[in-house]
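Work through the exercises below with the sequence and the structure at hand. Each task is followed by its solution in steps.

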Amino acid sequence: AVTTVEGVGSTKTRVHPIQERLAKCHGSQCGFCTPGMVMSMYALLRNHPEPSMEQITAALDGNLCRCTGYRPIIDTYKSFTGEPACCQLRGTGQCCLDKEDVCSSSDKGNQMRSDLCSPEEFQPVDPTQEFIFPPELMRMAQEQQKRTLVFHGERTTWISPTNLRELLELKAMYPKAPLVVGNTSVGLDMKLEGVIHPVIIHPTRIPDLHVVSNTNNGLLIGAACCLAQLRDILIRAVSELPEEKTKIFRTLLQQLKTLAGEQIRSLASLGGHIVSRGSTWDLNPVLAIGNSVLSLASKDGTRQIPLNDHFLAGYENSDLKPEEVIVSVFIPYSGKDDFVSAFRQAERQKNALSVVNSGMRVLFKANTNIIMDLNILYGGIGSTTVSARKSCQRLKGRQWNEQMLDEACKLVLGEISLSPSAPGGKVEYRRTLLVSFLFKFYLEVLYGLKKMYPTKYPDLSKKNMSALGEFHSEAHQSMQIYQDVDPGQPPQDPVGRPIMHQSGIKHATGEAVYCNDIRSVDEELFLTVVTSSRAHAKIVSIDASEALKMPGVVDVITAKDIPGKNGSEEEQAYAEDEVICMGQIVCAVVAESNVQAKRGAEKVKIKYEDLEPILTIEDAIKHNSYFGEVKKVEQGNIEEGFKSVDEIIEGEIHIGGQEHFYLETNSVLVVPRGEDKEMDVHVSTQDAARVQELVASALDVQSSRIMCHSKRVGGAFGGKMTKPAFFAVVAAVAAHKTGRPVRFTLERDEDMLITGGRHPLFGKYKVGFTNEGRIIAADIECYINAGCTLDESELVIEYVVLKTDNAYKIPNLRVRGRACKTNLPSNTAFRGFGFPQVGLFTESWVAAVATQTGLPHEKIREINMYKGVNLTPFKEELDATNLMKCWKECMEKSEYHCRKIAVEEFNKQNYWKKKGIAIIPMKFTVGFNATQYHQAAALVHIYTDGSVLVTHGGIELGQGIHTKILQIASRELKVPLSYVHFCETSTVTVPNAIVTAGSIGSEVNGKAVQNACQILRKRLEPIINKNPEGKWEDWVTEAHGHSVSLSATGYFRGYVTNMNWDTGEGNAFPYFVFGVACSEVEIDCLTGGHKNIRTDIVMDACFSINPAVDIGQIEGAFIQGVGLYTMEEINFSPEGQQYTLGPDTYKIPAVCDIPEQFRVYLLPNSRNPMAIYSSKGIGEAGLFLGSSVFFAIRDAVAAVRKERGLTKTFTLNSPLTVEQIRMACADNFTEMPWLH
């Protein structure tokens, strides 16, 4: 039986407590990932009605969310544990982390609150209300056991036998047929690599493959047992057996904790894991060093083979024969003198393939430290798991001491080679891990020997103790503090209150409709695009003849089929004569089904004539390849400034790009109306008006005939500003040509290939300062990689130049910026719009100044910060009072000074693990530097039953815009929130709407709605005054009876902003947002891994219209920033082919990456007269604060380098990955001469 999220609960039947709590605790924003979060928790609760926090976080290992930052999801699910809930769910304003009252001196009398939801309203969990497994299906299943099941597909036959004899006959008949249990490996190959298997055998119903038995010598486990079952079997064995027998089992359990996510662990089989032999599979090295044995069977009989390095390397005489299957795996018990360890390091702590993994085992002669047997295996080094077999042979008979370790390192590095051009790169890092893991194993064994023979062996030195073990984990704890509404505010006025997202329940029940959820339309066709395989080339020919012969293919669309304009002035929808990046759309195939369209696309043949590509910023500078002119801002006298300083430093930094990784990929449904050339375009976009404009121009019709609709978008972050219009053109041209509706939804890898992301930045600095650390002069050059078309790059480089100062007043400053034109997919808008890159660059040279002067970093930051009223470098007035308030508040709230002392103390005691702490200020600007981009319009209808329909030009991307708009309408019309409804954003109701971006969507559209509501309220006033005691419905009915119009448009002209680039001056932004974040981390100097311990954020959000929405935006942006600065790495080949095209190769933060203590505090008593109700737009601001984690890691690395006597000045580029951290913590292992 399959239970879907709608089956768990729905608004039509009953909402399940999991769904209700997740919605009410603000655990969804865009809502696209929410059904997955619900199902993971539901599965856990069905199996463990009172789970531990450890079980909950393990259950969420395989779930990704790009919006929330995970904190509210974890807090929601905490309420299902038997453990006491944290302050978030107690709603008392007391935090479980704090000994005394949460309120600091500045909070007194401010009605500060820490409850964003009301747990007392939650319905209890009642297991008796859950579905039982349908008895009819049970009966059928028992009958089916006896019957072989065969399913015939178009190209594949799927056979599910019932017993081992039948399986072996099938394997003899179809020796090449793969055995599939969970389909986690074969399925991926079929989907991504186009592998076709004519026959697939599914042996999961065969009892012999599920056997589990304890023998005298070890555990026998059936090959079809899934990894989650394996974990449960091993946990039981460890609890029941003597410790010395279970060393292999405990090591396997350690690897299972981080292997994949719970969804994969529940499907993938032990036999499949072994036989697929991925080099980075974590269990195989451990099974091999544990001397596991595989029981094989075929029609000709049974045999046993060792699961060893020869088997894992695929040697012919050690491998399965084509007709054989693995029936079971025998894992022997360990012995008293056995020592076993396993290691892995990945780009993310959990649910990420290892960069390198290892299994190591040593057996000593009884009661000695003399090596009798040694086994060392590594994964991630070659195409298969590799063994240091020769090295181990040579070390037998040696004593376990430092001389042996030195010899072992030399031998292992000599035996296991990795060429400089090895696939996957990171060669020096991977070679360093070989010996770092070996050193860890050496110490773990020494520690074990000491425990076994306390009098025989010396204690491990304090220095080396710190290399042992994983990071210590604590339960997640959080706190969100905001100012309550005025006590005199009417209870029905929702403004300022943490109202639940208006689609929250629908997100959690799966009933929220996204573009690709729209039901299929009659005669609908599916579209797949054919993209360029060259970075820069002329198109010689496009041959679609084979594609057109494919079953179901209706047509192939090219640029020649466009009746009007092909895209915009800067960018083509379909490439015409030339391709300018890999992934550029060349043509499209439309077919009766998605599968047929994809097969047709594979048959299109394009011939190219290659041209020289430009790929990097350095290439572009060399070839003078730019968009636009230099952007420049200057203040003071830079030459004089440098003459008056004590010291000058120069340097450069590279900051990598970032994929948007919105959970909903780009999606369009185009439906021709059949008359007057009208067309409905349903699209996932931030800018419906741009979609309308480009589609109309491509079809050569008036805009009034193109109706664009957007109900909600499953995440965007800037990535759906410009590109969706081109996707809509591609689909609309196909719909126009065929006269049929066309659906076009990108797969994840296609979306990542075709669309660009955040602009990589290369910065050069020359900074002059006094011995006291005051920065007097700075000369800054910034280059961004714009990609192949202009897109938003001109605006991004302008923002880079305008925002370089961040929070610092530098009297003599010159900033110059260029957008580089390259042959990569065009980079585009991304949350923060250039500031996250240039902010990190600025903080890096401020940190370099601190390092050079030897003064504390926080002191350098504070003395250079803006204070009071100032002018920015482009002469806009700035009142930085709240910047200093946030700084002092964060210093106090984070207990920075005493924690810094504790960090220093920890670092003195620990050589191989270090902590770091950093506090980073921020001056962020919202909006655009032109008035027209701030305008907004709205349309409000009141119906005769008193209900209200609101529409406006903003689009719901997960930022809660509609929720805030409904709150505003409720307040302005003085009606309950339940009376106000929002349907969809459409160009039909609000024309010429400005893109939803720049953090200001809610406030400018809110002003337009406020304007419309005030017009309507004014019209109703005479009737209300006549009957003040009447009800809303009565007033509305009477107004209608007196022919009073109950519909009004509202308009907001926009904030007045401007920027003159000739003079470098202007009032470029409507207002500033201030914030400060303090983060603490711990790093492992031997592997480069790090753990986020605690983050405190203070944000000047002024009066928050919805504190739950605003805090959610801050937390989500912060975690996205942590991804940008510490793990999200985009890699291209030298030919311009992107390697990182999916969640397997591109890692965004997961539940394991959020700080264990996460606190957000909204500054009280702060007002912003510019925006509606004195609020501020903070959708983007929090992202840069993720850099506090980057600088905390930098602080830890600096402590390592200082202790080791390395140069105090060093450069860390972004993202600060495990590789960079490890290589910056230089030691004997990174410097071994035979390593390089």
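The exercises concern a predicted model and deal with an annotated site and one helix.

**Exercise 1.** Find which residues UniProt gives as "binding site", and state how they lie in space.

Solution. Start with the record: the unreviewed UniProt entry places the feature "binding site" at Cys30, Cys33, Cys65 and Cys67. Next, compare sequence with space: the four are spread over 38 residues of sequence, yet they cluster, with a largest C-alpha distance of 9.4 Å. Finally, check the largest cavity: its lining includes Cys67.

**Exercise 2.** Decide whether Cys65 is buried or exposed, and list what it touches.

Solution. First locate Cys65: it sits in the loop between α4 (53-59) and α5 (71-78). Its relative accessible area is 5%. Buried means under 20%, so Cys65 counts as buried. Beyond four places in sequence, Cys65 touches Cys33, Met37, Tyr70, Ile73, Leu663 and Ile1148. One of these, Cys33, also carries the "binding site" annotation in UniProt.

**Exercise 3.** Do the same for Cys67.

Solution. Cys67 is found in the loop between α4 and α5. With a relative accessible area of 4%, Cys67 is buried. Leaving aside neighbours within four places in sequence, its contacts are Gln29, Cys30, Phe717, Gly1112 and Gly1116.

**Exercise 4.** State how many residues of helix α28 are buried, and what covers them.

Solution. Helix α28 spans residues 793-802, and 9 of its 10 residues are buried. Among them are Ser793, Glu798 and Leu802. The cover over the buried residues includes the strands β21 (626-635), β27 (761-769), β28 (775-787) and β29 (812-821), along with helix α29 (835-853).

Definitions and conventions:
Residues are numbered from 1 along each chain as its sequence is written. This is a predicted model: local features need pLDDT of at least 70, side-chain atom pairs count only at pLDDT 80 or more; totals for chains, interfaces and linings use all residues. Side-chain values use heavy atoms; hydrogens and water are left out. UniProt positions are given in the numbering used here, feature names are shortened, and annotations may be inferred rather than shown by experiment. On a 1 Å grid over the protein atoms alone, a cavity is a set of points where a 1.4 Å probe fits but cannot get out, and a pocket is an open set with protein on both sides within 12 Å along at least five of seven lines; lining residues have an atom within 4 Å of a point. Helices (H or I, at least four residues) and strands (E, at least two) are DSSP runs, numbered from the N terminus. Buried means under 20% relative accessible area, exposed over 50%, partly exposed in between (1.4 Å probe, protein chains only). Contact means heavy atoms within 4.5 Å.
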